[in-house]
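Dear colleague,

Here is the structure for you to look over. My notes follow below it.

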There are 2 protein chains.
Amino acid sequence: MLKINFDSLYEIDSEHGLPVSIFADHADYLAPTLEKIEARGQGFYKVIDDESVIDEIETYAESVKGWYDDIVVCGVGGSALGPICLRDSFVGTFDKGKPKLHVLENIDPDFMSEAVETFNLERTLFLIISKSGGTPETVAQFMFFKDLTEKAGLELKSHFVFITDPSHDVSLLRSIGEDAGVKMFDIPSSVGGRFSVQTAVGYVPAALIGIDIKALNKGLKDMRDLFLSTNVDQNSPFQLACVQTGAYLKEKPMSIIMPYHTKLRQFGLWCVQLIAESTGKFREDGSNVGITPIPALGVTDQHSQVQLFAEGPNDKLIIFINVENSSTNPAIPVNINHKKTNFLTGKTFKDLLHAEQQATAGALTENDRPNITISIPELTPYYLGQLFMLFEGATAFWGEFFEINAFNQPGVERGKVLTRGILSDK
Amino acid sequence: MLKINFDSLYEIDSEHGLPVSIFADHADYLAPTLEKIEARGQGFYKVIDDESVIDEIETYAESVKGWYDDIVVCGVGGSALGPICLRDSFVGTFDKGKPKLHVLENIDPDFMSEAVETFNLERTLFLIISKSGGTPETVAQFMFFKDLTEKAGLELKSHFVFITDPSHDVSLLRSIGEDAGVKMFDIPSSVGGRFSVQTAVGYVPAALIGIDIKALNKGLKDMRDLFLSTNVDQNSPFQLACVQTGAYLKEKPMSIIMPYHTKLRQFGLWCVQLIAESTGKFREDGSNVGITPIPALGVTDQHSQVQLFAEGPNDKLIIFINVENSSTNPAIPVNINHKKTNFLTGKTFKDLLHAEQQATAGALTENDRPNITISIPELTPYYLGQLFMLFEGATAFWGEFFEINAFNQPGVERGKVLTRGILSDK
């Protein structure tokens, strides 16, 4: 299992740190809070038990193997961030293999025009992903590519898959899909967009590019079992939530998500949506709460954001994510004899990467900046599954601690209404 | 020139907004603050006057045209963010043309191993970018690729360019470059890394992939002239700094940089370094200050961060960046007859994009969330140059307002010392 090192919290000044007893002190909250979560939204942790979904997806992916050069997700928010995170975690940064997974999570005119020029429709599969089936950006993209596909004399059913709510009343894609014989996968009603990476939303794109979704699902389940444990020493999501809460109450409204691994950069953006949209809410008394999540990347951001983390206002909790092993580990050949290079003699890139993570954490601790380090043994679908559920569970706990609904997003509705108004007035 | 719309600040509740008179009220600070900036660090706005640099770079780029398939920047922080921003702003998202610009801003072992497998050394040019010449990550990468190049029997001078400080005492790359006959470009001593996009750091990679660096430089100069104006109504960087300061003093320590254009996403990350590293400082009295910059992207982040911006704590200034025109503007073909799609009839993707930006700004204003909108007529090197200097100038003003040195980064030194210690102990 992944491990979390909380030591720095206990070492720093108590104005900013937390006591060693923090988890024991809050153990009594664990079982009752789990009951509240169960009552409010258990979909996200129960959906992973339905393994027939995985079989169906793997069978489908196998059946279309070799048919497509490009898999194009049309989706935004929860329909995009999971697929991008899965791709970036397991497809090489410079990979030129096929099929290639693209995620169209925006609608700039030039971006859409370039997409048209890029994809050979005959060898392209569009995955239309929208829980409600009515996300304007996604529906606009769908109508756009539907038009092109029809004009090219191609059948919709060979070039589209819909991933959407199972109900006709909810999703306009349902009857279109049925009429055209398009393959459809469900996003269960009980699972919100930002928790949907563990449904067809994440699994279908992942399976199409060869990611082991069974292992991913196993990682989710193993962490879910810890999440449901009433033993505070076992429950990593509860521990993370306690620390985020403690830091928040000590005037640290920001959480930095800082993996030391290029392929996990997008995991930070997945976390941003999860945390921002789940925690940023009006409470019943009219007050506002919310953790502001901020993505960072080690070592890269040591040369960008770390100055602010170390010497700016002490208003952040820094969450490092460390990957212990890599599949390769090239040596640094020290072929320059100079005082600035000699310390690298006999070292590998992994040595340098890990030393920099430890040093950055150490320097922050010296400055009384609270930080924790999550470690996974290696970057695999299994451990990424654990990471997803760790943050999902922690977010669910956080919502109950602050008495808000972590599973809705009322604050984005007003913008949608105004958008319709502006377009209608034109 | 770019325009900034501040109206929402005047419309919202005065607890969170700012008065219409804000610029006039602070006009007396303008000239004296400019004098302080001139005394502290004028390099960043004077360096752009040396047009011989541009001629030299363009001549060099022309002379190697067609030689390389891949241009690989080895650099991090200020040596990476400018080149990435320039590439992403002007190279198509799905572009497969050559030469292709890659920026290696991290050192994970797997990432380095993949790089080796990806690049055909005979057709690759490595740009080693390090102001000090001693950035451990960049030097490690350099030694790694130097080793491979030599083992392949290739000459360093045909496959490397160094971009570094002109002094041998500062940069260990200087004497290596001279001995090997490597082409070198200067990063003037007076220009810090996060302001170096307007030196060879940005200009060499940009010129090699065909970006018009003369136009970029012209945009920088035109905004610089406004920055040096003592007329408060002309000085956009001063106006931006006043607003960031006013928001900061009203307990909004975070600035969101939210372009509504996929190709400007990386501009947000460039801003993050500029603002975080320049403003996050200890003051002389031991207190901490600093704006926490947060990147966002419209419309994408409407489905991720906007819930938090709208309903979470009112602790953010939101800075939208709007691009008025696009080179293409495809229509949205409304080929589904449904109440959720009819409002799109007769609309283009640009209409939808702009309506969503206006609606998001409007919804935030209704919730008393301070926001401003910067507009550029089109995304060109000229207007990107203006954007760079707008934020650089504002950051310089902000530093003087808070009596810190915006041009140093003492808080990252400790981590470097600890890194050396950890590696030496192994």
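At what angle do the axes of helix 5 (residues 51-63) of chain A and helix 11 (residues 200-208) of chain A cross? They cross at roughly 35° and come within 9 Å. Axes here are lines fitted to C-alpha atoms over the stretch in contact, with angles from 0 to 180 degrees between N-to-C directions. Helices are DSSP runs (H or I, at least four residues), numbered from the N terminus.

First, the source. This is a predicted model: local features need pLDDT of at least 70, side-chain atom pairs count only at pLDDT 80 or more, and totals for chains, interfaces and linings use all residues. Residues are numbered from 1 along each chain as its sequence is written, and chains are lettered from A and ligands numbered from 1 in the order in which they are written.

Back to the helix pair. Helix 5 of chain A contributes Val53(A), Ile54(A), Ile57(A), Glu58(A) and Ala61(A) to the contact. Helix 11 of chain A answers with Ala200(A), Tyr203(A), Val204(A), Ala207(A) and Leu208(A). Contact means C-beta atoms, placed from the backbone, within 7 Å. The split is 9 nonpolar, no polar and 1 charged. Nonpolar covers Ala, Val, Leu, Ile, Met, Phe, Trp, Tyr, Cys and Pro; charged covers Asp, Glu, Lys and Arg; the others, Gly among them, are polar.

Now the two chains. A turn of 180° with a shift of 0.0 Å along the axis lays chain A on chain B, RMSD 0.0 Å (least squares on C-alpha atoms of residues with pLDDT of at least 70 in both). The copies are thus related as by a two-fold rotation axis. In contact are 102 residues of chain A and 103 residues of chain B.

Best regards

Terms used. Contact = placed C-beta atoms within 7 Å. Helix = DSSP H or I, 4+ residues; strand = E, 2+ residues; numbered from the N terminus.
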